[in-house]
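The following exercises are intended for a reader who meets this structure for the first time. Each task is followed by a solution in steps.

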Amino acid sequence: MSIIVDHITKLYGTQKALDDVSLNIKPGEVVGLLGPNGAGKSTLMKILTCYIPPTTGDATVCGFDILEQSMEVRKRVGYLPENNPLYSDLYVKEFLTFMAGINHLDKRTSGQADKQKSKIENRISEIIELTGLQIEQHKKIGVLSRGYRQRVGLAQALLHDPDVLILDEPTSGLDPNQLVEIRGLIRSIGKEKTIMMSTHIMQEVEAICDRTIIIHKGKIVADDKTGNLRKMEKSKIIVRVEFDKPVTRDLLMGIKGIKKAEISIGSNKDPGSTSWNLESDSASDIRPAVFKFAVETGLTVLSLQRDEQRLEEVFQELTRT
C-alpha cells in the first residue's frame, strides 16, 4: 500500500478533528477526499506529510512510519498545501532551482559536480515542460496568475519525483479555463503517481478520481469507487420520459408508484406536455409501469431514462447532519 492510516485520532484541545480514521490507498490510485469545511481533510493531509503528529493512531507512507521515519516519508511525498506558499520575489526557474537544493537533488545524482548540475537542470526543465511553465519560467512568481501559481506549486511538489502526491484544494479559485488545464495535468500525473486530493468541486472528483472518500465531522462516512458512490440507493427515483403526444399530469399521477409529475419542457400552465420528470414514491424502478401506461393509452415512448444520482447529491445526503 502507498498509504495506510490506522485508527488515527487528532485533537485540538477538546475539539476532535479526526475520529478513529482508517484507510488504505494502493499504488497508482487517484483518490478524492471530500468533506465540508472543518471535516478534517487538511488535518489528515498534514499528518500524512509529517507536518503535525496524530494524537493517537499511526500511519505509513510507502512503507515508512510517519512518526518513526518521517524523513523517509518526506522524501517520497510531494505536497501542495491549500494556501500554496511560494516566494513571490523569485523567478519561476530560480524558485525551482532553490527547491532542488532543499530537496538535495545533488545527493540523488551520481557523478562529478558538472554532471550533477546538468542532471538537476535537466530535471528542472523536464518539470517546467510537464507543468506547462515554459513561457512563464523567467517571470517572477508574484506577477503570475492564480492558475500559473498553482502550476508552480505542482512543479515544486513533483520536482523530487515523489511516489505519492498529496494535493490540498489544488483547483481552488481557478477560472473555468484554468480548471480544465490543471485537471488535465493532474490526470496525466495520476497515470504514474499515487494521488490524494481534496476539493469542494464535485466535477473535479468525477473527472479525475478513481475513488472517493467522504469525511464528515472527523469520520469517514463513505469510501468507494467514484462511479459506485453515484449509484448509491436513494429513497426515490426520478425518470425522464418523452411521449409522442401531449399527456396530462392527472393521467400520469394515475400510474402506480408515481409521487410527483413535473413538466420537463414547457409551462406548468399547459394542459399537457410530451416531456415529463416523474418521481417515484419509493426506491423501486417505475419505468416498467410508465411503459405499460404508454401501451395502454396508445402513446409511443420516444425516450425513457432514469436519472443517475450525482456525486453532489450523495455528498449532501451523507453530510447533511
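## Exercise 1: The surroundings of Val290

In this predicted model, Val290 belongs to helix α10, which spans residues 287-297.

**Task.** Determine whether Val290 is buried or exposed, and state which residues it contacts beyond its neighbours within four places in sequence.

**Solution.**

Step 1. The relative accessibility of Val290 is 0%. Buried means under 20% relative accessible area, so Val290 counts as buried.

Step 2. Once the neighbours within four places in sequence are set aside, Val290 is in contact with Val241, Phe243, Ile255, Leu278 and Leu304.

Step 3. A further residue, Ala39, serves as a reference point for distance. Val290 and Ala39 are separated by 251 residues in sequence and by 42 Å in space, taken from C-alpha to C-alpha.

## Exercise 2: The rings around Tyr87

**Task.** Establish where Tyr87 is placed, and classify the aromatic pairs that Tyr87 forms with Phe95 and with Phe98.

**Solution.**

Step 1. Tyr87 is located in the loop between β6 (77-80) and α3 (92-102). With 48% relative accessibility, Tyr87 is partly exposed.

Step 2. The structure contains four aromatic pairs. One of them joins Tyr87 and Phe95, with 6.3 Å from centre to centre and 55° between the planes; this pair is tilted. Phe95 has a relative accessibility of 2% and therefore counts as buried.

Step 3. For Tyr87 and Phe98, the ring centres are 5.6 Å apart and the planes stand at 85°, so this pair is edge-to-face. Because Tyr87 lies in the loop between β6 and α3 while Phe98 lies in helix α3, the pair ties together parts that are eleven residues apart in sequence.

Step 4. Phe98 counts as partly exposed, since its relative accessibility is 37%. Tyr87, Phe95 and Phe98 form one aromatic cluster.

Step 5. Tyr87 and Phe98 also contribute to the surface: together with Ile102, they make a nonpolar patch of about 300 Å².

## Exercise 3: Helix α1

**Task.** State how many residues of helix α1 are buried, and identify them.

**Solution.**

Step 1. Helix α1 covers residues 41-48, and six of its eight residues are buried, which leaves the helix mostly covered.

Step 2. The buried residues in α1 are Lys41, Thr43, Leu44, Met45, Ile47 and Leu48.

Step 3. A general rule helps in reading such a list: an α-helix has 3.6 residues a turn, so residues three or four places apart point the same way.

Step 4. Just after α1 comes Cys50, whose phi is positive, at about 70°.

## Exercise 4: The protein as a whole

**Task.** Describe the overall dimensions of the protein, and compare its radius of gyration with that of a compact globule of 321 residues.

**Solution.**

Step 1. The protein has eleven helices and 14 strands.

Step 2. Taken along the principal axes, the box filled by the C-alpha atoms is roughly 85 × 45 × 30 Å.

Step 3. The radius of gyration is 25 Å, whereas a compact globule of 321 residues would have one near 20 Å.

Step 4. Of the 321 residues, 45% are buried. The protein exposes about 16,500 Å², and carbon and sulfur atoms supply 48% of this area.

Step 5. Among contacts with a separation of 6 or more, 69% are between residues 24 or more positions apart.

Terms used. Residues numbered from 1 in each chain as written. Predicted model: local features only at pLDDT ≥ 70, side-chain atom pairs only at ≥ 80, totals over all residues. Heavy atoms only, no water. Buried < 20%, exposed > 50% of the residue type's maximum accessible area, 1.4 Å probe, protein only. Helix = DSSP H or I, 4+ residues; strand = E, 2+ residues; numbered from the N terminus. Patch = residues over 30% accessible without salt bridge, like charges linked within 9 Å, V, L, I, M, F, W, Y side chains within 5 Å. Areas by Shrake-Rupley, 256 points an atom, 1.4 Å probe, with all protein chains shown as cover. Salt bridge = Lys/Arg side-chain N within 4 Å of Asp/Glu carboxyl O. Rg over C-alpha atoms; globule rule 2.2 N^0.38 Å. Contact = heavy atoms within 4.5 Å. Phe/Tyr/Trp six-rings, centres within 6.5 Å; stacked < 30°, edge-to-face > 60°.
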